[in-house]
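User: I'd like to practise reading a model from its coordinates. Can you walk me through it, one feature at a time?

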Amino acid sequence: MDLGVVKKIIESRLFLKGMIAMICGIILFCGYWFDIAELKNQLNVSETVELTLKKEINSLLYAQVYLEENNAELPQIKAMLKEWQAKLIKSKDLLSLLKQIIRTGRANNLHINFFTSDPEVKEDNYFKTPFKLMVVGDYMQTANFIYQVANLPWIVVVGDFTVAKMYQDTRSKLFSTELNLEVYYLKKKS
């Protein structure tokens, strides 16, 4: 046999093996690629789900810590609410409170020019009634009266007030004071 022919046979066999190896490699690569591509998509979806779950878990943990902190404060808040509700006068005792305000004014040597009320206003579970009154007296008597009204054992809010000197005479110590009060109370449940 001729060396050239043998060489051609060997080369053709090597070429054929190379071609077969290359075709097998391409088939393997394509199969691998399609398998891997699907797995990559699944991995991306899993990573997205993981991030979403981590965010939700963090949100829930934050909410749990927030609720635990608020839960720890609940007894204090309940005590404050009970104390606050105790300061709400009953509607049946409202007239007594108004009489006490008038007595307090007289005890401070104030002259009460008028004492009127506006319609009651419903606020959540309680009511408030705005009152206007005008007292005449010296500055210290009026200040003492306002202090005593603001510190009554019930919720009486001293709102806006105006103080004006009664006479142009510089010797006069009398002032006219108009006060806006709000009395908070509970109505008896039917």
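Analyst: Let's take the overall layout, then a helix, a core, some salt bridges and a backbone oddity. Keep in mind that this is a predicted model.

User: Fine. How many helices and strands does the chain have, and what pattern do they follow along the sequence?

Analyst: A good start is to list the elements and then read their order. Here the chain has three helices and six strands, and the order along the sequence is α-β-α-β-β-β-α-β-β. Two totals help as well. Buried residues account for 19% of the chain's 190 residues. Of the contacts between residues at least 6 apart in sequence, 62% link residues at least 24 apart.

User: Let's zoom in on helix 2. What span should its 14 residues have, and what does the model show?

Analyst: The idea is to compare the expected rise with the distance between the ends. Helix 2 runs over residues 94-107, and at 1.5 Å a residue it should span 20 Å; the end C-alpha atoms are 20 Å apart, so the two agree.

User: Which residues of helix 2 are buried, and which are exposed on the other side?

Analyst: For this you sort the residues by accessibility and look down the axis. The buried ones are Leu94, Leu97, Leu98, Ile101, Thr104 and Gly105. They fall within an arc of 115° seen down the axis of helix 2, so they line one face of the helix. On the other side, Leu95, Arg103, Arg106 and Ala107 are exposed.

User: What does that buried set pack against?

Analyst: Quite a list: the buried residues of helix 2 pack against strand 1 (89-90), strand 2 (111-117), strand 4 (126-137), helix 3 (139-150), strand 5 (156-165) and strand 6 (175-186).

User: There's a threonine among the buried residues of helix 2. What is around Thr104?

Analyst: With a polar residue that's buried, check what its side chain has for polar company. Thr104 has a relative accessible area of 14%, so it falls under the 20% cut-off for buried. A polar atom of its side chain lies 2.8 Å from the backbone oxygen of Gln100. Leaving out residues up to four places away in sequence, Thr104 touches Phe145 and Gln148.

User: Now the core. Which residues of the largest nonpolar core touch the most other members?

Analyst: The general idea first: in soluble globular proteins, nonpolar side chains tend to be buried together. In this model the largest nonpolar core has 19 residues, and Leu97, Ile101, Phe145, Val149, Val156, Leu181 and Val183 touch the most other members. Helix 2, strand 4, helix 3 and strand 6 are the elements that give two or more residues to this core. Try Val156 as a way in: not counting neighbours within four places in sequence, Val156 is in contact with Leu97, Val149, Ala150, Leu181, Glu182 and Val183.

User: On to charges. How many salt bridges are there in the whole structure?

Analyst: A search finds four. For each pair, look at the N to O distance, then at how exposed the partners are. In one of them, Glu50 pairs with Lys54, with the closest N and O atoms 3.4 Å apart. Both sit in helix 1 (residues 3-86), four residues apart, which is about one turn of the helix. Glu50 is partly exposed at 40% relative accessible area, and Lys54 is partly exposed at 45%.

User: And where do Lys92 and Lys128 come in?

Analyst: Lys92 meets Asp93 in a salt bridge at 3.6 Å, N to O. Lys92 is exposed at 66%, while Asp93 is partly exposed at 28%. Lys128 bridges to Glu123, with the closest N and O atoms 3.6 Å apart. Lys128 counts as buried at 15% relative accessibility, whereas Glu123 is partly exposed at 26%. Through shared partners, salt bridges join Glu123, Lys128 and Glu182 into one network.

User: Last one: what is the phi of Asn109, and where is this residue found?

Analyst: As background, most residues other than glycine have a negative phi. Asn109 isn't a glycine, yet its phi is positive, about 60°. Asn109 comes just after helix 2, in the loop between helix 2 and strand 2. At 57% relative accessibility, Asn109 counts as exposed.

Key: Residues are numbered from 1 along each chain as its sequence is written. This is a predicted model: local features need pLDDT of at least 70, side-chain atom pairs count only at pLDDT 80 or more; totals for chains, interfaces and linings use all residues. Side-chain values use heavy atoms; hydrogens and water are left out. The expected span of a helix is 1.5 Å times one less than its number of residues. Buried means under 20% relative accessible area, exposed over 50%, partly exposed in between (1.4 Å probe, protein chains only). The arc is that of the directions from the helix axis to the C-beta atoms. Contact means heavy atoms within 4.5 Å. A salt bridge is a side-chain nitrogen of Lys or Arg within 4 Å of a carboxyl oxygen of Asp or Glu. A polar contact is a pair of N or O atoms within 3.5 Å; within protein, one must be able to donate a hydrogen and the other to accept it, and residues adjacent in sequence count only if both atoms are side-chain atoms. A nonpolar core is a set of buried Ala, Val, Leu, Ile, Met, Phe, Trp, Tyr and Cys residues joined through side-chain atoms within 4.5 Å.
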